[in-house]
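I opened the notebook to go through one chain from its overall dimensions down to single residues. The entries follow the order in which I looked things up.

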Amino acid sequence: VAAVVAGGFHTVALMDDGTLRAWGFNGTGALGDGTTTDSSVPVQVVDGAGGLLSGVVAVAAGASHTVALMDDGTLRAWGSNFSGQLGDGTFTHSSVPVQVVDGAGGLLTNVAAAAGGSSHTVAMLDDGTVRAWGENRFGQLGDGTPSSSTVPVQVVDGAGGFLTGVAAVAAGGRHAVALISP
């Protein structure tokens with residue numbers, strides 16, 4: 001095991017070989033094994049095409065969803081999607097990983113880190129900017145609106161521009177934070 005994260009109702013372990021194991025509540029597919037069956041022992045996360053999800057370099061978990069950062073700088077997400085927290089442009093739960101889109105017809109790329117909140121997800125890009133998607137009733141997407149989004153939106157700085165210079169991101173139940181590099 002290289003890393004482990006705890007969601008609201010499930011746990012996910014990143015293995016040394018870039019695969020994932022997950023266990024716990026699976027009612028909306030947060031374990032990523034293609035089922036909605038709870039498991040008290042680790043199950044392997046699948047890729048949705050008959051194999052295991054591999055090439056994972058980091059993992060994050062929300063209340064009932066999981067996000068994997070891939071070695072190509074893209075994200076995969078699965079589990080609960082009531083608020084669009086999977087970032088695939090839908091509100092459809094998924095028990096297998098789906099690709100996070102950029103909102104302009106492509107995939108979200110150049111991701112350096114990700115964090116999962118209760119029903120939202122946050123990603124820091126290589127250029128030090130931040131994207132967020134999912135529930136936004138409390139402003140947790142940081143885009144200056146109260147509107148939830150099923151695709152990533154850019155986080156603003158409060159002065160009319162985009163937030164830049166970010167070195168790390170984290171997400172809580174209904175909020176997100178960014179560490180700005182000096």
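I began with burial: in this predicted model, buried residues make up 48% of the 182 residues in the protein chain. I then looked up the surface, and the protein chain exposes about 7,700 Å², of which carbon and sulfur atoms supply 56%.

For overall dimensions I took the C-alpha trace, which spans about 50 × 30 × 30 Å along its principal axes. The radius of gyration of the protein chain is 15 Å, and this agrees with the value near 16 Å for a compact globule with 182 residues. Among the contacts with a separation of 6 or more, 40% are between residues 24 or more positions apart.

Secondary structure came next. I found zero helices and 14 strands in the protein chain, so I noted the pattern along the sequence as β throughout, from the N-terminal element onward. I then turned to how individual strands pair.

**Entry: the sheet around S7.** Four strands form an open sheet in the order S5-S6-S7-S8, with antiparallel pairing. Strand S5 (56-61) and strand S8 (94-99) are the edge strands, each pairing on one side only. From one strand to the next, the twist averages 20°.

I followed S7 through this sheet. S6 and S7 pair in the antiparallel sense over five bridges, while three bridges join strand S7 (residues 75-79) to S8, also running antiparallel. I looked up the partners of Gly79 on both sides: in S8 the bridge partner of Gly79 is Ser94, and His65 has Gly79 as its bridge partner in S7. The hairpin of S6 and S7 has four residues between the strands, and in this hairpin Gly73 takes a positive phi near 80°.

Is S7 enclosed or open to the outside? Five of the five residues of S7 are buried, so S7 is largely enclosed by the rest of the structure. I checked the directions of the side chains as well: Leu75, Ala77 and Gly79 point one way from S7, Arg76 and Trp78 point the other way, and all are buried.

**Entry: the nonpolar cores.** The largest nonpolar core has 15 residues, and those with the most contacts inside this core are Leu20, Leu53, Val56 and Ala68. I looked up which elements give two or more residues to the core, and they are strand S2 (10-14), strand S3 (20-24), S5 and strand S6 (65-70). S5 gives the most, with three residues. I also noted a second, separate core of twelve residues, which includes Ala77, Leu86, Ala123 and Trp133; of these, Ala77 is one I had already met among the buried residues of S7.

I then listed the surroundings of Leu20, leaving out residues up to four places away in sequence. Leu20 touches Val12, Ala13, Leu14, Val43, Gln44, Val45, Leu53, Val56, Val59, Ala68 and Trp78. Leu53, Val56 and Ala68 in this list are also named with Leu20 among the residues with the most contacts inside the largest core, and Trp78 is one of the buried residues of S7.

**Entry: the first two strands.** Four bridges join strand S1 (residues 3-6) to S2, and the two run antiparallel. A hairpin joins S1 to S2 through three residues. I looked up one pair across it, and Ala6 stands opposite Thr11 in S2.

**Entry: two loop residues.** I chose Ala63, which lies in the loop between S5 and S6. Is Ala63 buried or exposed? Ala63 has a relative accessible area of 19%, and the cut-off for buried is under 20%, so Ala63 counts as buried. Leaving aside neighbours within four places in sequence, Ala63 is in contact with Gly7, Gly8, Phe9, His10, Gly117 and Ser118. I also took the distance from Ala63 to Gly79: the two are 16 residues apart in sequence and 9.4 Å apart in space, C-alpha to C-alpha.

The other loop residue I looked up is Asn110, found in the loop between S8 and strand S9 (111-116). Phi of Asn110 is near 60°, a positive value in a residue other than glycine. Asn110 is partly exposed, with a relative accessible area of 46%, whereas Ala63 is buried.

Technical notes
Residues are numbered from 1 along each chain as its sequence is written. This is a predicted model: local features need pLDDT of at least 70, side-chain atom pairs count only at pLDDT 80 or more; totals for chains, interfaces and linings use all residues. Side-chain values use heavy atoms; hydrogens and water are left out. Two strands pair if DSSP finds at least two bridges between them. Axes are lines fitted to C-alpha atoms, for helices over the stretch in contact, and angles run from 0 to 180 degrees between N-to-C directions. The radius of gyration is taken over C-alpha atoms; the globule rule is 2.2 Å times the number of residues to the power 0.38. Buried means under 20% relative accessible area, exposed over 50%, partly exposed in between (1.4 Å probe, protein chains only). Contact means heavy atoms within 4.5 Å. Accessible areas come from the Shrake-Rupley method with a 1.4 Å probe; for residues, only the protein chains shown count as cover. A nonpolar core is a set of buried Ala, Val, Leu, Ile, Met, Phe, Trp, Tyr and Cys residues joined through side-chain atoms within 4.5 Å.
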